[in-house]
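Work through the exercises below with the model open. Try each task before reading its solution.

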Amino acid sequence: MHELSIVMSIIEIAESEINKAGGGIADEIELDIGTLSTIEMEAFDFAWNQGIRGSLLEDAKLHVNRIEGKAKCLDCELEFPIENYYDSCPVCGGHFNQILQGKELKVKTITIQSTVDG
Ligand SMILES: [Zn+2]
């Protein structure tokens, strides 16, 4: 499953950030996932719940920011919302778009719970 490999790489990134910050476990993690990324959220949630088992993110609360797709028409320079890469411009019908946002797939913030001493 495509989503599981994405989840595993996010966990890897998050764990290395946690280790860089001096260790601990994640309390919360916030992700940016654009609507133009090829992620199916239901599959992602399922993969997430499997992937975090035994990781530093096992108890972390997951927040996902969905970033709406937005493009700029290269013919008339209109900026408009898109649901698919090849949506045409609503004004001039042009098919050449520059994608401005919506492709995001990244870890935005990680909140680390400091480990209890002793
Ligand atoms: Zn246009």
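Exercises on a metal site, a core, ring pairs and two polar residues follow.

This is a predicted model, in which local features need pLDDT of at least 70, side-chain atom pairs count only at pLDDT 80 or more, and totals for chains, interfaces and linings use all residues. Residues are numbered from 1 along each chain as its sequence is written, and side-chain values use heavy atoms, with hydrogens and water left out.

**Exercise 1. The metal site**

Task: find the residues that coordinate the zinc ion and assign the geometry of the site.

Solution.
- Step 1. List the donors (N, O and S atoms within 2.8 Å of the metal, or 3.2 Å for Na, K and Ca). The SG atoms of C73, C76, C89 and C92 coordinate the zinc ion at 2.3 to 2.4 Å.
- Step 2. Check the angles. Among the 4 donor atoms they run from 103 to 118°, and the site is tetrahedral (four donors, all angles between 85 and 135 degrees).
- Step 3. Read the spacing along the chain: C-x2-C-x12-C-x2-C. C73 sits in strand β3 (residues 70–73) and C92 in the loop between β4 (79–81) and β5 (97–101), so this pair ties together parts 19 residues apart in sequence. Strands here are DSSP runs of E, at least two residues; helices are runs of H or I, at least four.
- Step 4. Compare accessibility. C73 is buried at 1% relative accessible area, whereas C92 is partly exposed at 40%. The classes are buried under 20%, exposed over 50%, and partly exposed in between (1.4 Å probe, protein chains only).

**Exercise 2. The nonpolar core**

Task: identify which residues of the largest nonpolar core touch the most other members.

Solution.
- Step 1. Apply the rule: buried Ala, Val, Leu, Ile, Met, Phe, Trp, Tyr and Cys residues, joined through side-chain atoms within 4.5 Å.
- Step 2. The largest core has 18 residues; I10, I29, L31, F44, W48 and L57 touch the most other members.
- Step 3. Two or more residues each come from α1 (2–20), β1 (25–34) and α2 (41–51). Helix α1 gives the most, with 6 residues.
- Step 4. Take I10. Beyond its neighbours within four places in sequence, I10 is in contact (heavy atoms within 4.5 Å) with I29, L31, F44, W48, L105 and V107.
- Step 5. Another core, of 7 residues, lies apart from this one; among its members are A71, C73, C89 and I99.

**Exercise 3. Ring pairs**

Task: count the aromatic pairs and classify them.

Solution.
- Step 1. Rings of Phe, Tyr and Trp (its six-membered ring) pair if their centres lie within 6.5 Å; planes under 30 degrees apart are stacked, over 60 edge-to-face, the rest tilted. The count is 2.
- Step 2. F44 and W48 are stacked, at 6.1 Å centre to centre and 20° between planes. Both lie in helix α2, 4 residues apart. Both are buried.
- Step 3. Y85 and Y86 have ring centres 6.3 Å apart and planes at 45°, so this pair is tilted. Y85 is partly exposed at 35%; Y86 is exposed at 71%.

**Exercise 4. Two polar residues**

Task: find which polar contacts the side chains of H63 and S55 make.

Solution.
- Step 1. Use N or O pairs within 3.5 Å; within protein, one must be able to donate a hydrogen and the other to accept it, and residues adjacent in sequence count only if both atoms are side-chain atoms.
- Step 2. H63 lies in strand β2 (residues 61–67). Its side chain makes a polar contact with the side chain of E28 (3.4 Å).
- Step 3. S55 is in the loop between α2 and β2. The side chain of S55 reaches the backbone nitrogen of L57 at 3.0 Å, and a polar atom of that side chain lies 2.8 Å from the backbone oxygen of I52.

Methods: Four donors count as tetrahedral if all angles lie between 85 and 135 degrees; four count as square planar and six as octahedral if opposite donors are over 155 degrees apart and all others between 65 and 115; anything else is irregular.
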